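Trainee: Could we go through the cysteines and the aromatic rings here? I'd like to see how each label gets assigned.

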Amino acid sequence: MFCQQRTSAFGLTRRDMLSRMGLGFGGLALADMLQQGQAGAAPSPSAVSEGGLPGLPHFAPKAKRVIFLFMSGGPSQLDSFDYRPELMKRQGEGLPDSYLKGKRPPGMAGSQTSFPLVPSAFEFKQHGQSGAWVSEMFPETAKVVDDLCFIKSMTSEAVNHDPALTFMQTGAPLPGRPSIGSWLQYGLGTDNRDLPGFIVLISRRPVDQPLSYRLWDAGFLPTQYQGVQFRAGKDAVLYLSEPEGIARGATRKMLDTLKAMHERQFVSRPDAEITARIEQYEMAFRMQASVPDATDFSKEPESVFQMYGPDAKTPGSFASNCILARRLAEKNVKFIQLYHPGWDHHGGLPMNYPVSTKEIDQPCAALIKDLKQRDMLKDTLVVWGGEFGRTSYSQGSFSTKSKSYGRDHHRECFTFWMAGGGIKGGITYGETDDLGYEVARDPVTVHDFHATMLHLLGIDHERLTYRFQGRDFRLTDVAGNIVKGILA
């Protein structure tokens, strides 16, 4: 049975009156919040700025931009940069009980009854004036070690891929928080209004672990701060090109009309998403001209392709994405994230690890050299690492005859390297124990890493906040210390 509507003397039903009153009071409350100047306030569409928040940066930055080379799947630090000769001496022995302390191992091998220690199948040597230990799987990276800072003592709170990936990119293991690039674009704005301030590139190769757009999402920040994925192919950004038969002038006229409609909507309903929508449409229009130029390699000299390696001319390869990252850095894109999957080596590591390293070793070294010769490394922060590391014991059985093994997920310790942008080159920070199982000195948490990155960009990580659902959030949550020992 339907409720009968009664009309008031003003020509309104009771439901209409309650609805309008509710929206009116709600609108007053929202308008008051928007005018308080708090983080999260929605500026009027005509006042949208690409300059970021007032007062930022908090101090003079060392880095103007970041290129994050993310090795999705968890590369083994014991087969790359963390040389542990004690494992060779104790090959095949079980992990000492003192390490487990009555607990099950933190990885995925809960059904294992023994945990045989296994050394790397690859030879290590010292390189550069710094004497950094590098696996033979990284011969080109070995040539630039004096520009790198190796952090051997990274730790994480998550041991499964999805929460660990999310934690590394957003500072929280559960989805819904803004990613690093979104925080930077929100706080610092953009230095190139014709390109997104946060761009994502994913290697075109088989994926062992899914890479969700949540990793570059803006979370509860306004949506214009989310990352934009550039793809290999004719259209780097989906649906960006004009449909056949539509002139650019017609699109401009349509957007002007749409903007006017949104501005009128904003007056009656001041919602931050309306502002975000206007900005996204305008950015897309500008990108129609800027993206083809940024992704056009035709003017790159042959020497550049040779420097980045045989895959450099293959669209979507890691090498090609590194060249594109350098081009985007030249155009002052604030945060450039490269994802290269293929590091989840639970088995057959001696056969499969060289495949992954060959794809990324030369391009990584070339990127450092390329930025340096263009005098850009000094203000470009380059980061290399994954979501966690790998165990010093074999996952499953281990045979000295076959020399084949796998390594389980390991959050207790793993290796990152950083370069440029205010980082001290030619040093190693932190240390693992003799078996490469735990941090022995100077642990660096994910929150510490984020705090240090923000510091290099001129941001006090405790002061970059956003109020959402009644509380202030930040990238580093309620933790994080600047790792001063790696700063130049």
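**Cysteines and rings**

Trainee: What makes Cys149 count as buried?
Mentor: Keep in mind that this is a predicted model. Cys149 has 0% relative accessibility, and buried means under 20%, so the label fits Cys149.

Trainee: How do you know that Cys322 is too far from Cys364 for a bond?
Mentor: The sulfur of Cys364 is the closest cysteine sulfur to that of Cys322, at 5.5 Å. A disulfide needs the sulfurs within 2.5 Å, so there is no bond between them. Cys322 is buried as well, with a relative accessible area of 0%. Over the whole structure, the disulfide count is zero.

Trainee: And the aromatics, how many pairs does a search of the whole structure find?
Mentor: The search gives 30 aromatic pairs. In one of them, the ring centres of Phe115 and Tyr393 are 5.0 Å apart, with the planes at 70°.

Trainee: Why is the pair of Phe115 and Tyr393 called edge-to-face?
Mentor: Centres within 6.5 Å make a pair, and planes over 60 degrees apart make it edge-to-face; with 5.0 Å and 70°, Phe115 and Tyr393 therefore qualify.

Trainee: What does the pair tie together?
Mentor: Phe115 is in the loop between α3 and β2, while Tyr393 is in strand β9, so the pair ties together parts 278 residues apart in sequence. Phe115 is buried at 9% relative accessibility, and Tyr393 is buried at 0%.

Trainee: What makes Lys313 count as sitting over the ring of Phe305?
Mentor: Lys313 lies over the face of Phe305, 5.2 Å from the ring centre, and the distance cut-off is within 6 Å.

Notes: Residues are numbered from 1 along each chain as its sequence is written. This is a predicted model: local features need pLDDT of at least 70, side-chain atom pairs count only at pLDDT 80 or more; totals for chains, interfaces and linings use all residues. Side-chain values use heavy atoms; hydrogens and water are left out. Buried means under 20% relative accessible area, exposed over 50%, partly exposed in between (1.4 Å probe, protein chains only). Rings of Phe, Tyr and Trp (its six-membered ring) pair if their centres lie within 6.5 Å; planes under 30 degrees apart count as stacked, over 60 as edge-to-face and the rest as tilted. Helices (H or I, at least four residues) and strands (E, at least two) are DSSP runs, numbered from the N terminus. A charge sits over a ring if NZ of Lys or CZ of Arg is within 6 Å of the ring centre and within 35 degrees of the ring normal.
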